[in-house]
Amino acid sequence: MVKVMFVCHGNICRSPMAEYLFKDMVNKNGREKDFYIKSSATSYEEIGNPVHYGTERVLTSLNIDCSAKRAQKLTKEDGEKYDYFIGMDEENLYFMRKILGEKYYDKIFLLLEFVGEKDNVADPWYTGNFNKTYTDIKRGLTGFYTYLLNNARELS
């Protein structure tokens, strides 16, 4: 089983969008038993809050229910529990490294790395453009899924 944690600043916009889109992707490919997928925040600001209405609107339009999701904080203990920590931007990576510690640096990635880009997924909290965020996350997830199919021995 491949264990994946998507991470952003508050765990209400980008990382839950990635979490639920990736769950949908693996389910549609009949691989749901091969994955454990969650998301979390690098900050405490939104802990316990539901998904942002903009993210919920995008997911609902795709018939994906995220109503049970509540923001949670990434912890040092997560380092041992997950195989991949996927951040949405460079600031997320910085704080993920601080929280998880040097031992887990090799598990930390930027989402768009999986499509050959060093770009950040823009935070729709500030841009208001949830459709652009969706497009970038979807591209990144497609690349990540392909990467896993080609490289994760648990999926062979």
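## A guided tour of the model

With 156 residues, a compact globule would have a radius of gyration near 15 Å, and the protein agrees with that, at 14 Å. Please keep in mind as you look around that this is a predicted model.

**The whole chain.** Start with everything shown as a cartoon. You should find 6 helices and 4 strands, and if you colour from the N terminus onwards, they come in the order β-α-β-α-α-β-α-β-α-α. Turn the model along its principal axes: the C-alpha atoms fill a box of roughly 35 × 35 × 30 Å. Next, switch on contacts between residues at least 6 apart in sequence; 74% of these join residues at least 24 apart.

**The surface.** Now show the accessible surface, which comes to about 7900 Å². Carbon and sulfur atoms account for 47% of that area. Of the 156 residues, 51% count as buried. If you colour by charge, you will be looking at 22 positive and 23 negative charges, whose mean positions are 3 Å apart.

**Stop one: Glu19.** Select Glu19, in helix α1 (residues 14–28). Is this residue buried or exposed? Its relative accessibility is 2%, so Glu19 counts as buried. Show the side chains around Glu19 and look for two polar contacts: one of 2.5 Å to the side chain of Ser39, and one of 3.5 Å to the side chain of Lys69. Leaving aside residues up to four places away in sequence, Glu19 touches Phe6, Ile37, Lys38, Ser39 and Lys69.

**Stop two: Asn11.** Step back along the chain to the loop between β1 (2–8) and α1, where Asn11 is found. Check its backbone: phi is near 65 degrees, a positive value in a residue other than glycine. Asn11 counts as buried because its relative accessibility is 0%.

**Stop three: Thr55.** Move on to helix α2 (residues 53–61) and pick out Thr55. With a relative accessible area of 0%, Thr55 is buried. Which backbone oxygen lies 3.0 Å from a polar atom of the Thr55 side chain? That oxygen belongs to Cys13. Cys13 is also among the residues that Thr55 touches, together with Ile12, Met17 and Phe130, when residues up to four places away in sequence are not counted.

**Stop four: Asn63.** Continue to the loop between α2 and α3 (78–81) and select Asn63. Here too phi is positive, at about 60 degrees, although Asn63 is not a glycine. What relative accessible area does Asn63 have? The value is 75%, so Asn63 is exposed.

**Stop five: Tyr105.** Tyr105 lies in the loop between α4 (90–100) and β4 (108–110). At 37% relative accessibility, Tyr105 counts as partly exposed. Draw a distance from its C-alpha to that of Gly79: the two residues are 26 apart in sequence and 9.3 Å apart in space.

**Last stop: Gly116.** Finish in the loop between β4 and α5 (124–127), where you can select Gly116. With a relative accessibility of 71%, Gly116 counts as exposed. Where does Gly143 sit with respect to Gly116? It is 27 residues away along the chain, and the two C-alpha atoms are separated by 8.7 Å.

Technical notes:
Residues numbered from 1 in each chain as written. Predicted model: local features only at pLDDT ≥ 70, side-chain atom pairs only at ≥ 80, totals over all residues. Heavy atoms only, no water. Helix = DSSP H or I, 4+ residues; strand = E, 2+ residues; numbered from the N terminus. Rg over C-alpha atoms; globule rule 2.2 N^0.38 Å. Buried < 20%, exposed > 50% of the residue type's maximum accessible area, 1.4 Å probe, protein only. Contact = heavy atoms within 4.5 Å. Areas by Shrake-Rupley, 256 points an atom, 1.4 Å probe, with all protein chains shown as cover. Lys, Arg positive; Asp, Glu negative; His and termini not counted. Charge placed at Lys NZ, Arg CZ, Asp CG, Glu CD. Polar contact = N/O pair within 3.5 Å; in protein donor to acceptor, adjacent residues only side chain to side chain.
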